[in-house]
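This report concerns the central sheet of a protein model and several local backbone and side-chain features. The sequence and the coordinates are shown first.

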Amino acid sequence: MRDTMKAVPRRRAAEQLPLAFGHGSASGRDDLLVSDRLATAVALIDSWPHWPSPVVILAGPPGSGKSHLAEIWREQAEATAINPVAGGGAAEVAARGPVLLEDADRIGFDEVELFHVINSVREHGTSLLMTSRTWPLSWPVALPDLRSRLKAATMVEIGSPDEALLSQVIVKLFADRQLNIDDKIVDYIVKRMERSCAAAQEVVDRIDRLALSRRTKITRALAAEVLGELYEPDGTE
């Protein structure tokens, strides 16, 4: 049985956040806590198949939750993940049902094939969800017809989490490890870490591993040591 810290009831998971991490983290729609920064994107995902346009693009920084939302939609819509490369048959897949293209700005795609995918979706009444770190207008697209199709897509931006949301992320990640963490330690961590859910995952992982290796409880001093290793200058006062 793990030693636990003092339970502090002030924080509660009233707002949901998308986390697809380990240690038993829930990743389904029923476990999705919704903060203000995610409300529009979640509402859009929930409204499928009654989307305002057949193509939707979720844009946001790494760790913002867009991939988790995309996975929820993929399961809900029974969508197929595609990679629009020349000769890959992605357009044919899109004709048969909903499709998902993740990290469109990062993995690259064949412009002609993506154009055919979008046309196929429009023609056959299916859906395409894309995720990206940036807006499609910043993608290096040379094909005018594809640029026109992308402009017609419904675009939703997901911002970086604020301190309140990150605090809830930290609490949840520790709770997934059956640990209750003091609010003062949570506040200390949040004010000194990178503002992203991915960073929260790394910080909690390192703190938990260090506490386990030393067989000690999690204290502010231990958190400061981990933050000092991750960020420069050191993460103490």
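A residue counts as buried when its relative accessible area is under 20%, and as exposed when that area is over 50%. The model discussed here is predicted. By the criterion for burial, five of the five residues of strand S1 are buried, so this strand is largely enclosed by the rest of the structure. The enclosure involves both faces of S1: Val55, Ile57 and Ala59 are buried on one side, and Val56 and Leu58 are buried on the other.

**The sheet**

S1 belongs to an open sheet of five strands, arranged in the order S2-S3-S4-S1-S5 with parallel pairing. The edge positions are held by S2 (80–81) and S5 (154–157); each has a single partner strand, so one side of each is left without a neighbour in the sheet. Strands of a sheet pair through backbone hydrogen bonds, in either a parallel or an antiparallel sense.

S1 (residues 55–59) runs parallel to S4 (residues 128–132), and five bridges join the two strands. Within this pairing, Leu58 has Thr131 as its bridge partner in S4, while Val56 is partnered in S4 by Leu129. S1 also pairs with S5, again in the parallel sense, over four bridges. Val56 takes part here too, with Thr154 as its bridge partner in S5. Helix H2 (residues 66–77) lies across S1, S3 (99–101) and S4, and runs at about 165° to S4.

**Local backbone features**

Two residues other than glycine have a positive phi, as listed below.

| Residue | Phi | Loop | Relative accessible area |
|---|---|---|---|
| Glu78 | about 55° | between H2 and S2 | 69%, exposed |
| Asp103 | near 55° | between S3 and H4 (104–107) | 17%, buried |

Glu78 is classed as exposed because its relative accessible area is 69%, whereas Asp103, at 17%, is classed as buried.

A further backbone feature precedes S1 in the loop that follows helix H1 (36–47), where Pro49 is found. The peptide bond joining Trp48 and Pro49 is cis, with omega at about 10°.

**A buried arginine**

Which residue shares a side-chain polar contact with Arg177? The partner is Asp208, and the contact spans 3.1 Å. Arg177 lies in the loop between helix H7 (163–175) and helix H8 (183–190). With a relative accessible area of 5%, Arg177 is buried.

Technical notes:
Residues numbered from 1 in each chain as written. Predicted model: local features only at pLDDT ≥ 70, side-chain atom pairs only at ≥ 80, totals over all residues. Heavy atoms only, no water. Pairing = 2+ DSSP bridges. Contact = heavy atoms within 4.5 Å. Axes fitted to C-alpha atoms, helices over the stretch in contact; angles between N-to-C directions. Buried < 20%, exposed > 50% of the residue type's maximum accessible area, 1.4 Å probe, protein only. Polar contact = N/O pair within 3.5 Å; in protein donor to acceptor, adjacent residues only side chain to side chain.
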